[in-house]
Amino acid sequence: MVLTDPILPRQRSLTFLDSKLTTTQAPVSAVTSRVNLLDFDEAGLRAFFESIGEKPFRAQQVLKWVFHHAETDIGAMTDLGIALREQLKSIAEIKLPEILREQRSIDGTVKWLIGFHGGNAVETVYIPEPKRGTLCVSSQVGCALNCSFCSTGAQGFARNLTCSEIIGQVWLAAQALGHERNGERRITNVVMMGMGEPLLNFDAVMPAMSLMRNDLGFGFAAKRVTLSTAGLIPGINRLRDTLDVALAVSLHAPVDDVRTQLVPLNRKYPIADLMQACSDYVSEKHKRSVTFEYTLIDGVNDHPEHAHKLVKLLRRLPSKLNLIPFNPFPGTKYRCSSQDRIKEFQEIVMRGGLIATVRKTRGEDIDAACGQLVGKVMDRTKRSERIKLQMAEIAS
Ligand code: SAH
């Protein structure tokens, strides 16, 4: 059966914090009525198997096939039994997005354009460093937040990605890189810092990140899986109670007027409230700290005065500061701060007691740097309605 106008049932976010398992409804594939098994995390998959009268441990078997053996053909999952495989093939599928293009930078950075059903696409980037390899993953096609210094915002917003489309980016990158070759892992860290605001797509991002963490999935430690947000406070609070991952907050200014100019969401969630949410986030679990991202833009937020104010704002919070030189893109009014300014800024905050690193720009020759990811935002019809829906989500 072909669904022409699929209505995706709301997925409930899943947690394996405190081993609490909650149930999930089956999301239906956009092209067929089959359930995509990659739209579930372990708890959801267990519930799915129970719902068809099977033992929940089938979930473990399927996850191992998909993530440990890179096998996505249900027919080849030999420990499931022929009858179950046949039944599964009629009601379910394992559907991944597709790599449309791969670009490799001279510095080793790799960028993929990953396409989804309906013609949308996002970019996923792999950044190798001597001791780690970071994969930057997207959560939405486009973004509704409209941050003035980010090229993704300028493209508008098309839709949320599904869990399978998010975890599919990691799966495809792992395959393309030969992830586990010679017993060595190519991807050691995943950051939700590609296109989109992950906390505005909570119900798909949570099961996807749960699969990144789960040993039956990619098995990354909590500190190696980072969710980056522009500062959606209700989402930060929900995240705290849902899944153990690292949190990054895109701060970009220590005072409200400058931050609102850069991140319009700041009007709704100003700095003082955001700091309270961050401090609640770290106080729950002793080991947690927050990474603050701060893009340095010439003459906007890079004055020594801003650095001093930043110290006051962050010094009592277990945190790290990631200074990002602004990456220009066509049509932007902003420029990157000078090397001297960046150095001076870093010195002030470090003298003030903060831990601050300056992020090296990588993959410049293939436009793979922060805020330069574009993808392909299709079906712009009803764009204003889609953005309105996202805004309603923000307001709720
Ligand atoms: N919406 C999320 C995740 C996506 S952006 C968030 O805001 O955190 C990932 C990071 O890249 C953010 O810190 C963002 O502010 C930063 N960024 C965006 N555009 C940039 C640019 N042109 N130059 C440098 N950093 C940029």
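Two residues are taken to be in contact if their C-beta atoms, placed from the backbone, lie within 7 Å. On this basis the packing of helices and the pairing of strands were examined in a predicted model.

The chain has 396 residues, of which 45% count as buried. Its secondary structure consists of 12 helices and 14 strands. Among contacts with a separation of 6 or more, 65% link residues 24 or more positions apart.

Two helix pairs were considered. In the N-terminal to C-terminal order of their numbering, helix H5 spans residues 163-177 and helix H6 spans residues 202-213. The axes of H5 and H6 are 8 Å apart, and the helices pack at an angle of about 35°. Their crossing is right-handed. On the H5 side, the contact involves Cys163, Ile166, Ile167 and Val170. These residues meet Ala204, Val205, Pro207, Ala208, Leu211 and Met212 of H6. By class, the contact of H5 with H6 comprises 10 nonpolar residues, with no polar and no charged ones.

The second pair is formed by helix H10 (residues 304-314) and helix H11 (residues 339-351), whose axes come within 9 Å and cross at roughly 30°. Because angles under 35 degrees count as roughly parallel, H10 is classed as roughly parallel to H11. The crossing of H10 and H11 is right-handed. H10 contributes Pro304, Ala307, His308, Leu310 and Val311 to the contact, and H11 contributes Glu344, Phe345, Ile348 and Val349. The residues of this contact divide into 7 nonpolar, 1 polar and 1 charged. By the classes applied, the charged residue is Glu344 and the polar one is His308.

Strand E9 (residues 189-192) was examined with respect to its side chains and its pairing partners. In a regular strand the side chains alternate between the two faces of the sheet. Alternation is found along E9: Val190 and Met192 point to one face and are buried, whereas Asn189 and Val191 point to the other face and are not buried.

E9 pairs with strand E6 and with strand E10. Strand E6 (residues 133-136) runs parallel to E9 and is joined to E9 by 3 bridges. In this pairing, Cys136 stands opposite Val191 of E9, a residue on the face of E9 that is not buried. The pairing of E9 with strand E10 (residues 225-229) is also parallel and extends over 3 bridges. Here Met192 stands opposite Leu227 of E10, and Met192 is one of the buried residues of E9.

Conventions
Residues are numbered from 1 along each chain as its sequence is written. This is a predicted model: local features need pLDDT of at least 70, side-chain atom pairs count only at pLDDT 80 or more; totals for chains, interfaces and linings use all residues. Axes are lines fitted to C-alpha atoms, for helices over the stretch in contact, and angles run from 0 to 180 degrees between N-to-C directions. Helices (H or I, at least four residues) and strands (E, at least two) are DSSP runs, numbered from the N terminus. A crossing is left-handed if the near helix is turned anticlockwise from the far one by less than a right angle, and right-handed if clockwise. Angles under 35 degrees count as roughly parallel, over 145 as roughly antiparallel, 65 to 115 as roughly perpendicular and the rest as oblique. A residue is buried if 20 or more other C-beta atoms lie within 10 Å of its own, exposed if 12 or fewer, and partly exposed in between; C-beta atoms are placed from the backbone. Two strands pair if DSSP finds at least two bridges between them.
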